[in-house]
Amino acid sequence: MIKSLRQLAGCVLIFACLCASAQPAFLARKPSATVAPVADRFLPTVPTTTPVPKPAPSGMVWIPGGEFSMGCTDPRADLCGGNEPMDDARPVHRVALAPFWMDRTEVTNAEFARFVAATGFITFAERKPRAEDYPGATPDQLVPGSVVFSPPREAVPLDNALRWWRYVPGADWRHPSGPNSTIVGHDQDPVLHIAYVDAAAYAAWAGKRLPTEAEWEFAARGGLTGARYTWGDELTVNGRWMANIWEGAFPHKNSEDDGFIGIAPVASFPANAYGLHDMAGNVWEWCSDWYRPDGYARDQSAAGSGVVRDPRGPAESESFDPQEPGMPKRVQRGGSYLCTDQYCTRYMVGTRGKGAVDTGSNHVGFRCVRDASPVAP
Ligand SMILES: [Ca+2]
Ligand SMILES: [Ca+2]
């Protein structure tokens, strides 16, 4: 499954963790079902009235569940809406979910360090790639490492992500920029270079799980109906940046208007209405669903004219990314500190991302959820 993943020059690995807009044109296979734009309509979010169990798990907030409209309309005509139609996030459709708990922030270096100390877990980026998984790789390429953002000095065309990403031997969660870097003093930064297996292992250890894509979006919307962002419809609020994204000219000039040229400590920006920080930007967050671009249409079709209940995504064998056919991917959501209003505007709350399961990088992290405890009678 992961044979082509870390093709150690980095391409596939890199593309998988980036934005769809960065991906090369696919040649081998037509997209499956058509993802035709439809007349999208957002209906009000209707939360459940389930009493909030007490006490709340440490570091988690209550997400009431209920019904909401999931997806996004074509943002291209919007101010700061970017240049992508986001076809894979349509149709906007009605989804019902049970309540759950969600981590208030992205999982931090300090939290991940406790997990590693307790279990001895070795992350994917720290493992030596096996030659049989990467046919064609030379021995000097079969070294542990991960993908690091490496911006060019000058403006470059935005059609090839290899212009600003490179595979760095020795890059991992403890060494986010490479072997000479450190996380000392960065306890509250989100943990980076997290492959899906790493996130899932942490979640299991913590007695939690990764969110489904629908849970993630319900939570990110914070009760708002059809808003473009987790906080409303304007990118900034009274001149204030609401998320750690990229301002300036991507990928060579970051004007740092939001206060952070790179990763920000978690909760550096305001929470949404459910008390969740950084659901837009900072690091991408893994979801448990396998990705395919027509997933919403399939869910709606299966539900007929009714509400889609607790969608879990397609099977692994059905996962499909037209830009990299043959490579199953999981959903990632929320965008990162590298997303801009010029490029990959996936901090917009209804948009979707995806990544191959063995793909970390220094802008991919995660947060966890926990099922609601039974409420005492
Ligand atoms: Ca920033
Ligand atoms: Ca995030």
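1. Burial across the chain. In this predicted model, 50% of the 377 residues of the protein chain count as buried. The secondary structure of the protein chain consists of five helices and 17 strands. As for how the chain is connected in space, 76% of the contacts between residues at least 6 apart in sequence join residues at least 24 apart.

2. The nonpolar core. The largest nonpolar core contains 82 residues. Within this core, the residues with the most contacts are I63, M102, I194, A199, L210, A219 and Y229. Helix α4 supplies the largest share of the core, namely five residues. For A199, the partners beyond four places in sequence are I194, L210, W286 and F366; I194 and L210 are also on the list of residues with the most contacts inside the core.

3. Helix α4. This helix spans residues 213–221 and is mostly covered, with nine of its nine residues buried. The buried residues include the nonpolar A214, W216, F218, A219 and A220, and E213, E215, E217 and R221 are buried as well. Directly after α4 comes G222, which adopts a positive phi of about 60°. A reader inspecting the model may wish to view this helix together with the core described above, as α4 gives that core its largest share of residues.

4. The surroundings of A203. Residue A203 lies in helix α3, which covers residues 196–205. Why does A203 count as buried? The reason is that A203 has 23 C-beta neighbours inside 10 Å, and 20 or more are required for a residue to be called buried. Leaving aside neighbours within four places in sequence, A203 is in contact with K208, R209, L210 and C368. A separate pairing concerns R370: A203 and R370 are 167 residues apart in sequence, yet their C-alpha atoms are 9.2 Å apart in space.

5. A four-stranded sheet. One open sheet has four strands in the order β1-β3-β4-β13, and its pairing is mixed. Strands β1 (46–47) and β13 (308–309) stand at the edges with a single partner strand each, so one side of each has no neighbour in the sheet.

6. The pairing of β4 and β13. Strand β4, made of residues 93–97, runs parallel to β13 and is joined to β13 by two bridges. At the level of single residues, A96 stands opposite R309 in β13.

Methods: Residues are numbered from 1 along each chain as its sequence is written. Chains are lettered from A and ligands numbered from 1 in the order in which they are written. This is a predicted model: local features need pLDDT of at least 70, side-chain atom pairs count only at pLDDT 80 or more; totals for chains, interfaces and linings use all residues. Two strands pair if DSSP finds at least two bridges between them. A residue is buried if 20 or more other C-beta atoms lie within 10 Å of its own, exposed if 12 or fewer, and partly exposed in between; C-beta atoms are placed from the backbone. Two residues are in contact if their C-beta atoms, placed from the backbone, lie within 7 Å. A nonpolar core is a set of buried Ala, Val, Leu, Ile, Met, Phe, Trp, Tyr and Cys residues joined through C-beta atoms within 7 Å.
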